[in-house]
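Work through the exercises below with the sequence and the model open side by side. Try each task before reading its solution.

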Amino acid sequence: MLYDGYQAMEDMLAPARLGARMALAMRDHMGPAADWPMPRRMFALMDVFQGARMTHKRPAYGIDRVQTGNAEVAVREEVVLDLPFGDLLHFVKDDVETEQPRVLVVAPMSGHFSTLLRSTVATLLQDHDVYITDWKNARDVPMAAGRFGFDEYVDYVIQFLQDIGPGAHLVSVCQPCVPALAAVALMSEDEDAATPKSMTLMGGPIDPRAAPTVVNELANEKPIEWFEENLISTVPFRYAGRGREVYPGFLQLSAFMSMNMERHGSQHRELYQLLADGKEVEADKIKTFYQEYFAVLDMTKEFYLETVDLVFQRMLLAKGELTVHGRAVNPAAIRKTALLTVEGEKDDVCAVGQTSAAHGLCTGLRPHLKRHHLQPGVGHYGVFSGSKWEKQVYPQVRNMILAMN
């Protein structure tokens with residue numbers, strides 16, 4: 001009923017949003033009158049209204065060109081491996097003559113699409129041959145595709161690395177740091193030729209006990225049964241994944257927004273004022289952010305509940321009790337994959353200490369294969385996006401990859 005109620009509300013608001021878009025389309029035909037104060041305020045209000053809505057399709061990465069060395073080269077997207085719940089997407093640079101280190105970016109599956117790491121990818125593309133885990137919306141995956149839980153996430157990371165081939169590097173951001181570390185540990189134990197040369201873990205909950213945050217507290221307020229009974233819904237009949245039980249993206253977005261509701265409200269008030277004042281360039285920056293932020297995907301019931309249970313409630317990796325398909329995960333088996341951990345000083349999602357805990361687990365690595373970077377003055381998103389990521393964090397990642405390549 002939860003999903004049906006959300007869908008009914010969206011359907012009810014659809015005509016009003018359509019009317020707002022049609023009115024905005026008429027603005028260019030009004031001539032000078034469109035710039036009068038009153039019409040401009042009305043158009044600003046309609047623009048904010050029609051843009052403040054959730055979408056469920058992956059936005060475009062929009063990375064068409066990138067500066068690499070002294071040249072600007074074209075970038076095109078190529079799906080290397082198409083699996084039911086996610087693609088291995090390759091950002092191909094055809095005009096690069098020198099072979100560059102291959103990097104798999106393991107993106108979060110936490111209610112947003114992998115395009116949330118657009119800035120991360122664009123920066124890495126300057127010096128690397130980049131691939132990304134491009135996750136799909138569970139509501140669009142037919143029931144015939146089967147289950148997708150924590151173990152299957154690990155399987156996908158391993159399969160993607162094997163498809164890329166030996167000699168690659170791994171960069172994981174946020175929530176997938178746990179399954180990414182598990183994947184590398186299993187591959188190391190198997191002496192898999194595709195085991196990555198380096199592994200960079202950025203702002204991930206390796207050991208939430210090290211520095212609990214509001215996110216960790218919320219995950220532990222209720223038993224796992226409460227999450228299943230209150231947050232899981234069934235995909236409506238109109239979608240390809242009809243009948244699949246999911247944790248809806250609109251619930252995850254609501255949870256994220258509730259943590260900073262005042263800031264989101266002020267941002268939309270500022271957006272209205274910028275539009276009313278005719279400051280389109282400044283307004284576009286806010287609009288672009290929220291177009292991405294409001295694009296949500298549903299997670300399968302099993303992946304969401306297992307992540308809450310294994311990672312945030314029982315914290316099995318940190319305790320040495322994590323298994324994948326019944327097989328024990330042993331981070332000490334990692335002996336050749338160099339480890340870089342990155343944390344943000346002001347991160348209120350994965351606080352300082354949660355990610356660096358990986359060094360204590362990877363006891364098989366010699367000291368020269370371990371590095372840690374604490375980035376001053378940034379929160380969670382600043383670790384992998386923005387000017388400090390580009391100028392201070394990225395050089396640490398690049399140097400680690402270069403050293404191991």
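**Exercise 1. The largest cavity**

Task: In this predicted model, sort the lining of the largest cavity into nonpolar, polar and charged residues.

Solution. The split is ten nonpolar, no polar and no charged. To check it, read off the residues: Val-178, Pro-205, Ile-206, Leu-310, Val-311, Met-315, Leu-316, Leu-317, Ala-318 and Leu-322. Val, Pro, Ile, Leu, Met and Ala count as nonpolar.

Next, take the volume. The largest cavity holds about 50 Å³. The model has one cavity of 30 Å³ or more.

Last, look for the helices behind the lining. Both α11 (301-313) and α12 (316-319) supply at least two residues. The top contributor is α12, with three residues.

**Exercise 2. Helices α4 and α5**

Task: Find how α4 and α5 are oriented to each other, and list the residues that meet.

Solution. Start with the geometry. Helix α4 covers residues 150-164 and helix α5 covers residues 177-189; their axes come within 9 Å and cross at roughly 60°. Angles from 65 to 115 degrees count as roughly perpendicular, and those under 35 as roughly parallel. The pair fits neither class, so α4 and α5 are oblique to each other. Their crossing is right-handed.

Now the contact. From α4 come Phe-150, Tyr-153, Val-154, Val-157, Ile-158, Leu-161 and Gln-162. From α5 come Val-178, Pro-179, Ala-182, Ala-183, Leu-186 and Met-187. By class, the contact of α4 with α5 has twelve nonpolar residues, one polar and no charged. Val-178 also appears in the lining of the largest cavity.

**Exercise 3. Helices α7 and α11**

Task: Decide which orientation class fits α7 and α11.

Solution. Helix α7 (residues 224-231) packs on α11 at an angle of about 155°, and the axes lie 10 Å apart. Angles over 145 degrees count as roughly antiparallel. Therefore α7 is roughly antiparallel to α11. The crossing of α7 and α11 is right-handed.

Then trace the contact. On the α7 side are Ile-224, Phe-227, Glu-228 and Leu-231. On the α11 side are Lys-301, Tyr-304, Leu-305, Val-308, Asp-309 and Gln-313. The contact of α7 with α11 divides into six nonpolar, one polar and three charged residues.

**Exercise 4. Helices α1 and α2**

Task: What is the hand of the crossing of α1 and α2, and which residues make the contact?

Solution. Locate the helices. Helix α1 runs over residues 2-25 and helix α2 over residues 37-51; their axes cross at roughly 135° and come within 9 Å. Roughly antiparallel needs an angle over 145 degrees. The two helices α1 and α2 are therefore oblique to each other. The crossing of α1 past α2 is left-handed.

In α1, the contact uses Ala-16, Arg-17, Ala-20, Arg-21, Ala-23 and Leu-24. In α2, it uses Phe-43, Met-46, Asp-47, Phe-49 and Gln-50. The contact of α1 with α2 breaks down into seven nonpolar, one polar and three charged residues.

**Exercise 5. The second largest pocket**

Task: Describe the second largest pocket by volume, by lining and by residue class.

Solution. First, the volume: the second largest pocket holds about 280 Å³ of space. Second, the lining: 14 residues line this pocket. Ser-188, Asp-192, Thr-195, Lys-336 and Thr-337 lie nearest its centre. Third, the classes: the lining of the second largest pocket has four nonpolar, four polar and six charged residues.

Note on methods: Residues numbered from 1 in each chain as written. Predicted model: local features only at pLDDT ≥ 70, side-chain atom pairs only at ≥ 80, totals over all residues. Heavy atoms only, no water. 1 Å grid on protein atoms, 1.4 Å probe; cavity = no way out; pocket = protein on both sides within 12 Å on 5 of 7 lines; lining within 4 Å. Points joined across faces, edges and corners; volume = space filled by probe spheres on them. Axes fitted to C-alpha atoms, helices over the stretch in contact; angles between N-to-C directions. Helix = DSSP H or I, 4+ residues; strand = E, 2+ residues; numbered from the N terminus. Left-handed = near helix turned anticlockwise from the far one by under 90°. Contact = heavy atoms within 4.5 Å.
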